[in-house]
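Dear colleague,

I am handing over the structure below, which I understand is new to you. Please look through it first, and then read the notes that follow.

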Amino acid sequence: MEMNAINDCVKNYLSHCGGGIKGYGGWTISTGSETVAGRGVVATRDYSVGDVIFVDVPLIVSPRALGTDGTGSWPVCAVCYSEMTTPTGCPGGCRLPVCGRQCADRPEHRDECRYVRQLRPKTKSDGQTWSVGIYNAITAVRGLSIKDGKYRFFLDVLQKKSTDKLTFEVEELKRNISMELDKEDEQIMVTTCKIMDANCFETIVNRSNKLISLKGLYPVAAFMNHCCVPNTMHNFNEKLQMIAKASLPIYKGQEITTSYTYSIWPTSLRQNHLLTSKQFICTCIRCCDTEEFGTKLAALNCIVKNCEGRILPINPLDKKSIWQCKMCTKLVSSTEMLCFYKDVETLMKSISVFCPKSFEAILKSFNIHKDSPFVIDLRLKFIWKSKNNSLNLEQLLYKEKLCMEMLDLVRKLRLGQCRLLGLISLELLKVIREKAYRFRRNWNTKTLNVFEGQISKLKEIYTSVLDEDANLDNNNIQ
Ligand SMILES: C[S@@+](CC[C@H](N)C(=O)[O-])C[C@H]1O[C@@H](n2cnc3c(N)ncnc32)[C@H](O)[C@@H]1O
């Protein structure tokens with residue numbers, strides 16, 4: 001399909017579905033030398049940091065699949081996505097778990113409920129009123145909502161994951177119904193699932209102050225290519241619309257990018273994730289720089305006694321690359337490095353970060369540097385999970401230090417006004433408030449002024465980044 005036709009279709013869809021193209025249309029879907037791979041989204045005007053670029057309306061949103069035996073995790077309501085501790089099947093008979101009548105009767109559930117019911121979902125002898133299999137098939141079933149009418153073209157134009165494997169969601173559906181699927185419906189469901197695999201985003205919603213992770217297909221975002229130094233970040237509003245904002249300055253003619261992976265991971269982990277989940281190798285400026293803008297994120301400390309250098313791959317884009325210490329020039333094979341990584345990973349799993357002194361001592365004795373990926377994981381765990389009011393002074397000050405170091409890392413990685421920056425700023429603000437609560441009465445005017453300055457700066461950062469969900473308690477991130 002012609003680029004003009006794609007742009008018309010996407011923009012028509014957005015204006016019909018309340019995406020608000022007015023004022024947010026400074027981009028075009030394009031191809032050629034401006035984009036890193038095939039079609040991409042390109043700016044048709046300049047954007048400053050924090051500007052909203054588009055408000056995207058989901059074509060499909062669905063909950064994440066559960067283990068097929070139904071153990072270990074709980075479903076969310078298939079309609080409002082609230083957590084369900086005692087799930088019950090829809091009274092309409094589709095066997096999807098829903099909160100109750102009010103969700104079962106919602107207009108957006110009506111068609112899917114009727115469709116699944118006429119396929120005669122199988123019941124189980126254990127008396128469970130909802131079905132894990134039907135729940136896991138929900139993405140496929142929701143694909144049928146775009147089979148008719150003016151949005152069908154999305155099925156043709158959006159990229160599909162190329163795979164010969166059977167589609168999990170459709171197989172789950174077939175296993176859990178008594179009727180045979182219509183061949184055309186089945187084909188559309190398979191196509192939808194392949195489109196979801198290639199293009200879906202993690203949609204995070206706040207339900208009773210819990211963050212619930214869903215899958216969403218967004219027509220503009222589906223054309224956004226990946227970069228490990230993305231120039232956008234996004235949040236979701238109550239209607240599950242995606243609000244994409246500039247995290248870095250963007251100039252007219254420049255590609256608008258997002259990250260499909262965790263920007264805080266080192267190159268080897270990001271590359272592995274992109275290759276297995278999206279089947280491509282990223283060759284962005286960060287991936288080509290073995291030191292990742294001086295952070296040496298992937299490095300392990302040199303294994304040679306008394307050498308203070310760090311070992312990094314000579315070619316960061318090659319999984320089998322030899323690693324080298326720049327200081328003593330020691331060479332290490334990729335297989336050896338993999339063993340070191342595994343050893344460090346096992347060690348890290350056994351450490352409690354909640355005891356700062358012993359944590360730092362272990363890092364020192366095992367010669368692990370503070371920005372290695374495993375340490376970052378543990379540091380973030382401490383930042384998200386620890387409750388400020390139950391930390392002793394040593395732990396509180398340690399948390400403050402970790403937050404500041406993480407903010408510094410985000411800055412060095414050139415991630416701009418990204419979501420992580422907002423979340424850590426919010427945590428740091430809470431830590432500083434807790435310090436003030438404990439010690440304020442002993443502070444002089446100068447200290448109080450510094451405190452007020454820090455608070456207002458952090459508030460400015462996290463509100464501009466998080467906006468839609470600034471009040472979230474991220475101790476609850478699932
Ligand atoms: C969500 S789509 C992006 C739009 C896609 N370029 C298109 O033409 O439809 C994701 C796919 O785009 C390609 N892609 C995205 N970013 C890329 C990058 N940085 N390098 C290489 N391929 C990329 C990959 O094929 C990936 O699976």
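Please keep in mind throughout that this is a predicted model.

I begin with a pair of helices, where α13 passes α14 in a left-handed crossing. Helix α13 covers residues 373–385 and helix α14 covers residues 393–412, and their axes, which come within 10 Å, cross at roughly 120 degrees. Because an angle over 115 degrees but not over 145 counts as oblique, α13 is described as oblique to α14. On the side of α13, the residues that take part in the contact are Arg379, Phe382 and Ile383, and they meet Lys399, Leu402, Cys403 and Met406 in α14. Sorted by class, the residues of this contact of α13 with α14 comprise five nonpolar and two charged ones, with no polar residue.

Turning to the strands, there is an open sheet of three strands in the order β1-β2-β9, and the pairing in this sheet is antiparallel. Its edge strands, each of which pairs on one side only, are β1 (27–30) and β9 (255–256). Strand β2, made of residues 40–43, pairs with β1 in the antiparallel sense over four bridges, and Thr28 has Val42 in β2 as its bridge partner.

Finally, the model holds a ligand with 17 residues around it, of which Ala37, Gly38, Arg39, Asn225 and His226 come nearest. The shell around the ligand is made up, by class, of eight nonpolar, seven polar and two charged residues.

With kind regards

Terms used: Residues numbered from 1 in each chain as written. Predicted model: local features only at pLDDT ≥ 70, side-chain atom pairs only at ≥ 80, totals over all residues. Near = placed C-beta within 6 Å. Nonpolar A, V, L, I, M, F, W, Y, C, P; charged D, E, K, R; others polar. Axes fitted to C-alpha atoms, helices over the stretch in contact; angles between N-to-C directions. Helix = DSSP H or I, 4+ residues; strand = E, 2+ residues; numbered from the N terminus. Parallel < 35°, antiparallel > 145°, perpendicular 65-115°, else oblique. Left-handed = near helix turned anticlockwise from the far one by under 90°. Contact = placed C-beta atoms within 7 Å. Pairing = 2+ DSSP bridges.
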